[in-house]
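Visitor: I am new to this structure and would like a close look at one part of it. Please take the surface that faces the RNA, and then add whatever helps to place it in the chain.

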Amino acid sequence: MQLHNTATGHKEQFEPQDPQRVTMYVCGPTVYNYAHIGNYRPPVVFDVLARVLRRRYPGVSYARNITDIDDKINAAAAREGVEIGVITSRYAAAFHEDLAALGVAPTDHEPRVTEHIPQIIAMIERLIASGNAYAAEGHVLFQVATYADYGQLSRRDTREMLAGARVEVAPYKKDPGDFVLWKPSTPDLPGWDSPWGRGRPGWHIECSAMAEALLGDTIDIHGGGHDLVFPHHENERAQSTCAHGGQVFARYWLHNGFVTMNSEKMSKSLGNVLLVREMLKHAPGEAIRLGLLTGHYRQPLDWNDDTIPDARRKLDRLYGALRDAGAVAPSDAKAPEAFVAALEDDLNTPAALAELFELARTLNKAESAEEKSRLAAQLRDAGSLLGLLHQSPQAWFALPSAHGDGAPAAAEIEGLIAQRADAKKAKNFKEADRIRDELKARGVLIEDSAQGTRWRYVDA
RNA sequence: GGCUCGAUGGCAGAGUGGUUAUGCAGGGGACUGCAAAUCCCCGUACGUCGGUUCAAUUCCGGCUCGAGCCUCCA
């Protein structure tokens, strides 16, 4: 398998340290509000990677954290006048609901920062002992100058960075680039007792500590959004490497590109944030997932008004092939080589999808029962690697369309189809066509097939 | 200003030093009472200017435009 490693800037052959236990850590959300479509690109992309790895290796240990202590959470809690737990449990639950709708499988571990405070404190103590960190005025800071490789992951020159000095330099910092590992909490803020007084962890140290606790000193794959390369991952790398006596922290760094909205960054200030829970009111989760997988994960993905309808029509085609195959005998045929090869080539989902459509075409043309059975199984298995095609075609086609609110219910549709069948039998095609046109106007498309008339909701 | 990554047909989006994926949309045909679905066939591409080469969309350089990071951010 080939993976693009941010640390080297190249695609590399992936060789796990231990094929019995491939380890992957992906930065998860800070739960202080509802997440938008861009926030779900990493969970979906790395979910596919986990599926591909699990197929190839006997053991995979995948961790994705939930950050449940953070200044934005504190601010949200203060605004509502509640404990931070109210905020974090609400948005963590929403995150899980969205993930389920998007077909993202649970990870092996989902560590929370508030459950790893002792590990975080212990790691900070080690960094102080090793001379990489220092305490000052209730803070503990990582001293960047003690780690010669700092800046290597993000390919930044620290001297130039510091010269740029857009960071406000706190008086307790030895160097402007030093970043906080622990900061003091005032009595009104959440905090934990520590050797440096009551306080809370900085943002970067949590991931280092949780990755160590769950996956060990050196992990195989570390993933996240492209924006995390600097400073978050650069800092994680510095902390973990120094805390582990110079051992490599992550062997492969993977970063996904951003989702843009009509070519603009998605941000609250631009007012173009698309919340997944809002999208789910009008679109199947499976279509949203496919939308996120239509582009290569490292490229920016532009989300526009056509993305969901396009994804829906693609799924119509794939599910249509499965439906037309009919009730075929079960087969344990696996995804085709070319399909798996595409995914193992740095997770080339567009190329894999092309193979999926080739498979659907072949299935549509298949004549023998054995061939249909085998191809349908292959299509299902390939789909499962992408986390798609897990439902029955009947269930898929019965999903309401974007304009489903005004569409007739299934019972009414079946009644009209029966009337139309009678009209057809009597060769009253005018009446039959009238019924079909009426249904079409109301968002229902009907199709006559050898197995009888079937219907589905369509976008108006 | 520094760094990173892009620029492919109407839209989305892979890939390749010479034969130009895939899906949607469009055109033609088969099938159908008519449609739809399905199958077959067909247009419209590789930002721009140079360079390397027998040959470049593909390699190199300049330019233009775009996205991201340098500050919380998936």
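Guide: What follows starts at the RNA, then turns to the domains and to some single residues.

The model is a predicted one, in which local features need pLDDT of at least 70, side-chain atom pairs count only at pLDDT 80 or more, and totals for chains, interfaces and linings use all residues. Residues are numbered from 1 along each chain as its sequence is written, chains are lettered from A and ligands numbered from 1 in the order in which they are written, and side-chain values use heavy atoms, with hydrogens and water left out.

RNA strand B is surrounded by 59 residues, and the closest are Lys 72, Trp 203, Gly 225, Lys 265 and Arg 436. A residue is near the strand if one of its heavy atoms lies within 4 Å of it. Of the atoms of RNA strand B that come within 4 Å of the protein, 65% belong to sugar and phosphate. By class, this surface has 26 charged, 17 polar and 16 nonpolar residues. Here Asp, Glu, Lys and Arg count as charged, Ala, Val, Leu, Ile, Met, Phe, Trp, Tyr, Cys and Pro as nonpolar, and the others, Gly among them, as polar. Helix α12 (residues 349–365) gives the largest share of the surface near RNA strand B, eight residues. Helices (H or I, at least four residues) and strands (E, at least two) are DSSP runs, numbered from the N terminus.

Some side chains can be named with a distance. An N or O atom in the side chain of Asn 39 is 3.2 Å from a sugar or linking oxygen of RNA strand B. For the side chain of Arg 313, the distance from an N or O atom to a sugar or linking oxygen of the strand is 3.2 Å, and for the side chain of Asn 348 it is 3.2 Å.

Now the chain as a whole. Chain A is divided into domain 1 (14–256), domain 2 (261–397) and domain 3 (404–457), with bounds that come from an automatic or database domain assignment. The C-alpha centres of domain 2 and domain 3 lie 28 Å apart. Their contact (heavy atoms within 4.5 Å) takes four residues from domain 2 and five residues from domain 3. About 400 Å² is buried between domain 2 and domain 3, and carbon and sulfur atoms give 35% of that area. Buried area is the accessible area (1.4 Å probe) that two parts lose on being put together, summed over both. Arg 323, Asp 324 and Phe 397 supply 83% of what domain 2 buries against domain 3, more than any other three residues.

Pro 408 lies in the loop between α14 (393–397) and α15 (410–425). Pro 408 counts as buried because its relative accessible area is 3%; buried means under 20%, exposed over 50% and partly exposed in between (1.4 Å probe, protein chains only). Leaving out residues up to four places away in sequence, Pro 408 touches Ile 413, Leu 439, Arg 442, Val 444 and Tyr 457.

Two residues have a positive phi although they are not glycines. Arg 155, at about 50°, is in the loop between β6 (139–142) and α5 (158–164) and is exposed, with 56% relative accessibility. Leu 389, at about 60°, is in the loop between α13 (369–386) and α14 and is buried, with 2% relative accessibility.

Notes. Polar contact = N/O pair within 3.5 Å; in protein donor to acceptor, adjacent residues only side chain to side chain.
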